[in-house]
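Thanks for making the time this morning. I would like to walk through one model with you, element by element, and I will keep to what can be read from its coordinates.

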Amino acid sequence: MREIKSEYGQVLVGTKQELFEKALELGQQARSQAAHSRFLWALTGGGTPKEWYQWVVASHKLTPAEAAGIEWTVSDERHVLLSSPDSNFGNAERQLLEPLAVPTDRRHPWMVAWPVAEAAEAYRRTLLILAGPGRAYDVCFLGMGDDCHTASLFPGTPLLSDDGGLPFGGQEVPGKGWRLTITPTGLRQCGLIVLMTLGAGKAEALQRVMRGSYDPKNVPSQILKTCADRVVWLVDEAAAAKL
Ligand code: 6PG
C-alpha cells in the first residue's frame with residue numbers, strides 16, 4: 001500500500017484485498033488497545049460494507065469470540081424496518097453479525113420503528129449509557145458517495161449547518177427519505193474513523209474533497225478535516241486516480 005498526504009487524514013491506497021484486511025486490522029488493533037471494556041464499533045451502509053462483511057466471514061479473521069466482545073451498531077440508518085433490504089443494520093446483522101453468532105445484547109440498532117425524532121433521542125440515550133458523555137464510537141466505519149456525502153450527511157442538509165451540538169440526529173434527505181445519522185459533533189467524538197471508498201466512480205468526489213476548496217456544507221466528507229488526526233481513508237487506485 002502507498003500513502004498520500006492529506007489534511008483530511010491518512011490516505012492509504014491499495015487493492016481491495018489490502019484495504020479490506022487493513023480495515024479489519026485497524027478495528028482489531030483499536031479494540032486490543034482500548035482501555036475500557038465496552039468497545040463500540042459502528043459499521044455503515046452502502047455496497048462496499050456488504051462486500052467487506054462477506055470477506056470477513058469467509059476469511060475467518062474475526063472469530064465469534066472476538067466479535068462477541070464488541071458492541072455493534074451503524075453510523076447511520078435509513079428510517080426503514082430492520083427487515084428491509086435497505087436497512088444498514090439489517091444488512092450488517094444478516095451478513096456479519098448472524099454468521100458470527102454475535103449475541104443480541106451486543107447489537108445496537110437505531111430504533112427505526114419509532115418516529116425519527118424519538119428514534120434519534122433514544123439512540124442518543126443508549127450511546128450515553130454505552131459510551132459515556134462526550135464519546136461516540138471507538139471505531140466508526142464510513143463510506144463516501146459520488147456526491148461527497150458520508151454517513152447520511154448529504155450536501156445542503158440541515159445537520160451539516162447545525163447539529164445542535166448533538167452527536168446523533170435525524171433529517172429528511174430530498175429524494176432519499178428520512179435518515180438517522182451520526183452528526184459532525186458525533187464524528188469528532190469518535191476514537192477512530194475508517195472511510196473506505198473504492199472505484200473510478202469516486203475519483204471526482206475524492207478529488208473535490210481532498211483538493212477542492214473547503215466547503216463542508218456542500219462537500220460533506222470535508223467535515224473529517226476537523227478530526228483528521230483520527231481518520232484513515234482506505235481507497236483503491238481507481239478512486240485515487242485524480243489525487
Ligand atoms: C448509506 C451509507 C452511505 C454510503 C455511501 C457509499 O446509508 O448509504 O451510509 O453513506 O456509505 O453512499 O456507499 P458505497 O460504499 O456503496 O459506494
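Before the first helix we need one cut-off, because I will call a residue buried when its relative accessible area is under 20%, exposed when that value is over 50%, and partly exposed in between. Please also keep in mind throughout that this is a predicted model.

With that cut-off in hand, let me begin with helix H4, residues 88-97, where 8 of the 10 residues are buried, so that the helix is largely enclosed by the rest of the structure. The buried positions are Asn-88, Phe-89, Gly-90, Asn-91, Ala-92, Glu-93, Leu-96 and Leu-97. What covers these residues of H4? The cover includes strand E3 (40-43), helix H2 (47-59), strand E4 (71-74) and strand E5. At the N-terminal end of H4, Ser-87 acts as the cap, with a side-chain oxygen placed 2.8 Å from the backbone nitrogen of Gly-90.

One of the buried residues of H4, Glu-93, leads us to Arg-107, since the side chains of Arg-107 and Glu-93 are joined by a polar contact of 2.9 Å. Arg-107 sits in the loop between H4 and H5, and at 10% relative accessibility it counts as buried. If we leave aside neighbours within four places in sequence, Arg-107 is in contact with Trp-72, Phe-89, Glu-93, Leu-97, Glu-98, Ala-101 and Val-102.

Trp-72 in turn, with the neighbours within four places again left aside, is in contact with a list of residues that includes Trp-41, Leu-43, Phe-89, Leu-96, Leu-97, Arg-106, Arg-107 and His-108. This brings us to the largest nonpolar core, which has 78 residues, and in which Trp-41, Leu-43, Trp-52, Trp-72, Tyr-137 and Trp-233 have the most contacts. Which element gives the most to this core? That is H5, with 7 residues.

Let me stay with Tyr-137 for a moment, which lies in the loop between H5 and E6 and is buried, with a relative accessible area of 1%. Its side chain reaches the backbone oxygen of Val-74 at 3.3 Å.

Arg-135 lies in the loop between H5 and strand E6 (139-142). Is Arg-135 buried or exposed? Neither term applies, because its relative accessible area of 32% makes it partly exposed. The side chains of Arg-135 and Asp-138 are joined by a polar contact of 3.1 Å, and, neighbours within four places in sequence left aside, Arg-135 is in contact with His-36 and Gln-189.

Now to the strands. There is an open sheet of 3 strands in the order E5-E8-E7, with antiparallel pairing. Strand E5 (76-78) and strand E7 (168-173) stand at the edges with a single partner strand each, so one side of each is left without a neighbour in the sheet. Neighbouring strands here are turned by 20 degrees against each other on average, direction ignored. Between E7 and strand E8, residues 177-182, the antiparallel pairing runs over 6 bridges, and Val-173 stands opposite Gly-177 in E8. Helix H5, residues 116-131, lies across E7 and E8, and runs at about 155 degrees to E7.

Closer to the start of the chain, strand E1 (residues 2-4) and strand E2 (residues 10-13) pair in the antiparallel sense over 3 bridges, with Glu-3 opposite Leu-12 in E2. The hairpin of E1 and E2 has 5 residues between the strands, and Gly-9 takes a positive phi near 130 degrees there. E2 also pairs with strand E10, residues 231-235, this time in the parallel sense and over 4 bridges, where the bridge partner of Val-13 is Val-235.

Finally, the ligand. Which of the 15 residues around the ligand come nearest? They are Gly-47, Thr-48, Asp-76, Arg-78 and Lys-202. As for individual atom pairs, an oxygen atom of the ligand is 3.0 Å from an N or O atom in the side chain of His-149, while a polar side-chain atom of Arg-179 lies 3.5 Å from an oxygen atom of the ligand. On the backbone side, a polar atom of Gly-143 is 3.5 Å from an oxygen atom of the ligand.

I will stop there and take questions.

Technical notes
Residues numbered from 1 in each chain as written. Predicted model: local features only at pLDDT ≥ 70, side-chain atom pairs only at ≥ 80, totals over all residues. Heavy atoms only, no water. Pairing = 2+ DSSP bridges. Helix = DSSP H or I, 4+ residues; strand = E, 2+ residues; numbered from the N terminus. Axes fitted to C-alpha atoms, helices over the stretch in contact; angles between N-to-C directions. Contact = heavy atoms within 4.5 Å. Buried < 20%, exposed > 50% of the residue type's maximum accessible area, 1.4 Å probe, protein only. Polar contact = N/O pair within 3.5 Å; in protein donor to acceptor, adjacent residues only side chain to side chain. Core = buried A, V, L, I, M, F, W, Y, C linked by side-chain atoms within 4.5 Å. Near = heavy atom within 4 Å.
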